[in-house]
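The following exchange examines how the labels applied to a model are justified. Each answer sets a value against its criterion.

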Amino acid sequence: MVKKIQKKGGSARASAANGTGASPLAGAIKDSAQQIWLAGLGAFSKAQEEGGKAFETLVKEGMSIQRKTQTAAEERISEATSRVSSMANEIQSKAAGQWDKLESLFEERVAKALGKLGVPSARDVEALMERIDALNQQVLKLGGVGVSAGKPPRKAAAKSATAKAAPRKAPAKRAPARKAVAKKGSAT
């Protein structure tokens, strides 16, 4: 492209000094620069033409990749969600089991402590209520005036029952059965 020009010492200077024109070297540089400029314009034009097509192709490929990654991400999210929910259910069931154990242990210890203090349990009270009901039924069968569960006796029936009974002495104070047994064991 660029032609090599031999130096001619005096003639180049003379022609430059005369103003008759440019040296062959300057003309070659000018032609070379012109060719570079035109090549750059051609490359720019070609890039502009093909650039739009390439850009559209890249956008289409980008959309395709985005869809693929989005579906893969959604699958992974659903897997993770199902794993976390199954783990939460397992933990919840274990916690419920531990809570039930703790609750039953607490109830047992409270019942044991109340038993040591002599407080009757709910079962004892229920059994006592059933026994009272049974005794009341027997009293009614025998013809006596019974006390129905939850209802106070009628005043007239109570007065007639007390009127028939003879006056009694106040009962003597009795020692609790435990102390009496303990005294007998220590005396022997």
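The questions below concern a predicted model.

Q: What makes the fold pattern of the chain α-α-α-α-α?

A: The chain has five helices and zero strands. Read along the sequence, these elements give the pattern α-α-α-α-α.

Q: Why is Phe106 called exposed?

A: The term applies to a relative accessible area over 50%. Phe106 has 58%, and it is therefore classed as exposed. Its place is in helix H2, which covers residues 24-117.

Q: What makes Phe106 part of a nonpolar patch on the surface, and which residues share that patch?

A: Patch members need over 30% relative accessible area, and nonpolar side chains are joined within 5 Å. Phe106 has 58%. The patch consists of Phe106, Val110, Leu114, Leu117 and Val119, with about 480 Å² of accessible area together.

Q: How many of the residues in the chain are buried, as a percentage, and what is the accessible surface of the chain?

A: Buried means under 20% relative accessible area, and 3% of the 188 residues are in that class. The accessible surface comes to about 17,800 Å², of which 61% belongs to carbon and sulfur atoms.

Q: How do you know that the span of helix H3 agrees with its number of residues?

A: The expected span is 1.5 Å times one less than the number of residues. For the 20 residues of H3 (residues 122-141) this should give 28 Å; the end C-alpha atoms are 29 Å apart, and the two values therefore agree. Just after H3, Gly143 takes a positive phi of about 100 degrees.

Q: Which elements have the lowest and the highest mean pLDDT?

A: Helix H5 (residues 177-187) has the lowest, 46, and H3 the highest, 93. For the chain, the mean is 74, and 64% of the residues reach 70 or more.

Q: Where does pLDDT stay under 50, and what contacts does the model have there?

A: Over residues 155-168 pLDDT stays under 50, with one contact beyond four places in sequence. Residues 174-188 are also below 50, with zero contacts beyond near neighbours in sequence. Where pLDDT is low, the predicted coordinates should not be read in detail.

Terms used. Residues numbered from 1 in each chain as written. Predicted model: local features only at pLDDT ≥ 70, side-chain atom pairs only at ≥ 80, totals over all residues. Heavy atoms only, no water. Patch = residues over 30% accessible without salt bridge, like charges linked within 9 Å, V, L, I, M, F, W, Y side chains within 5 Å. Areas by Shrake-Rupley, 256 points an atom, 1.4 Å probe, with all protein chains shown as cover. Salt bridge = Lys/Arg side-chain N within 4 Å of Asp/Glu carboxyl O. Helix = DSSP H or I, 4+ residues; strand = E, 2+ residues; numbered from the N terminus. Buried < 20%, exposed > 50% of the residue type's maximum accessible area, 1.4 Å probe, protein only. pLDDT = per-residue confidence, 0-100. Contact = heavy atoms within 4.5 Å.
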